[in-house]
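Biologist: I have a new structure open and would like to learn how to read it. Could you walk me through it, feature by feature?

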Amino acid sequence: MTTVAGDDGVVTRLGSGGPWEALYGYSRVVRAGQLAWTAGCTSTVDGRVVHVGDAAAQTAQALRIGLAALAEVGAEPTDVVRTRMYVTDRLYADEVGRAHNAVFGAVRPAATMVVVAGLLDPEHLVEVELEAWLPAP
């Protein structure tokens, strides 16, 4: 964990120990004041892709990872205000969207889904990013 105090408050950066964080120089989650963001979350657990070939299950796993990271900086699922979903084939849109709805249906964050040519690991079918706004303490 890295916490930096600046003129405008505190910025907290947390890693998950994932295989690419140290290699590529990023944090799993960053909180600055009342805002928090996750890095892209995939269906990678203990360094390996899980739910290979199942876009819905990969989405659910990636969302669990992102929500767990946000929880580490004090955010709840209801604090999520924006999500981004990157899918490797438009044919996955419905199952990815439904998996997103299963988690955020009542919250209804602003959301974007983009079809991309590919993700870092060819077994990844989806990657998600979450943004949260936390109430003032």
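Modeller: Let's start with a term we'll need: a residue is called buried when its relative accessible area is under 20%, exposed when that area is over 50%, and partly exposed in between. Keep in mind that this is a predicted model.

Biologist: Let me try that on Ala-136. Is Ala-136 buried or exposed?

Modeller: Its relative accessible area is 55%, so Ala-136 counts as exposed. You'll find Ala-136 in the segment that follows β9.

Biologist: How far is Ala-136 from Gly-33, in sequence and in space?

Modeller: Along the sequence, 103 residues separate Ala-136 and Gly-33, yet their C-alpha atoms are 8.5 Å apart.

Biologist: Now the strands. Which strands does β7 pair with, and in what sense?

Modeller: β7 covers residues 80–87. With β9, residues 126–133, β7 pairs in the antiparallel sense over seven bridges. With β8, residues 110–115, β7 runs parallel, and six bridges join the two.

Biologist: Can you show me some residues that face each other across those strands?

Modeller: Sure, take Val-87. In β9, Val-87 has Val-126 opposite, and in β8 its bridge partner is Val-115. Another pair to look at is Thr-83, which stands opposite Ala-111 in β8.

Biologist: What kind of unit do β7, α3 and β8 make?

Modeller: A right-handed β-α-β unit, with helix α3 spanning residues 93–104.

Biologist: Let's look inside. What should I expect of nonpolar side chains?

Modeller: In soluble globular proteins, they tend to be buried together. Here, the largest nonpolar core has 23 residues, and Leu-70 and Val-128 touch the most other members. At least two residues of this core come from each of α2 (55–72), β7, α3 and β9. The largest share, six residues, is supplied by α2.

Biologist: And which residues make a nonpolar patch on the surface?

Modeller: Leu-35, Trp-37, Val-81 and Trp-133 do, and their patch is about 360 Å². Val-81 sits in β7. With 42% relative accessibility, Val-81 is classed as partly exposed.

Biologist: Next, charges. How do I think about a salt bridge?

Modeller: Side chains of opposite charge can pair when their charged atoms come close. A search of the whole structure turns up four salt bridges.

Biologist: Which residue does Arg-84 form a salt bridge with?

Modeller: Its partner is Glu-131, and the closest N and O atoms are 2.6 Å apart. This pair links distant parts of the chain, since Arg-84 is in β7 and Glu-131 in β9, 47 residues apart. Arg-84 is partly exposed at 23% relative accessible area, while Glu-131 is buried at 18%. There is also a network of salt bridges that links Arg-84, Glu-129 and Glu-131.

Biologist: How about a salt bridge inside a helix?

Modeller: Look at Asp-94 and Arg-98, whose side chains meet at 2.8 Å, N to O. They are four residues apart in helix α3, so about one helical turn separates them. Asp-94 is partly exposed, with 49% relative accessibility, and Arg-98 is exposed, with a relative accessible area of 58%.

Biologist: Are Arg-28 and Glu-21 buried or exposed?

Modeller: Both charged residues are buried: Arg-28 has a relative accessible area of 11%, and Glu-21 has 6% relative accessibility. They form a salt bridge with each other, and their closest N and O atoms are 3.6 Å apart.

Biologist: Last topic: the backbone. What sign of phi should I expect?

Modeller: Most residues other than glycine have a negative phi. Asp-46 has a positive value, with phi near 55°. Asp-46 lies in the loop between β5 (44–45) and β6 (48–49), and at 79% relative accessibility Asp-46 is exposed.

Biologist: What is phi for His-51, and where is that residue found?

Modeller: For His-51, phi is near 65°, again a positive value in a residue other than glycine. His-51 belongs to the loop between β6 and α2. With a relative accessible area of 34%, His-51 is partly exposed.

Key. Residues numbered from 1 in each chain as written. Predicted model: local features only at pLDDT ≥ 70, side-chain atom pairs only at ≥ 80, totals over all residues. Heavy atoms only, no water. Patch = residues over 30% accessible without salt bridge, like charges linked within 9 Å, V, L, I, M, F, W, Y side chains within 5 Å. Areas by Shrake-Rupley, 256 points an atom, 1.4 Å probe, with all protein chains shown as cover. Buried < 20%, exposed > 50% of the residue type's maximum accessible area, 1.4 Å probe, protein only. Pairing = 2+ DSSP bridges. Right-handed = clockwise from strand over helix to strand, strands pointing away. Core = buried A, V, L, I, M, F, W, Y, C linked by side-chain atoms within 4.5 Å.
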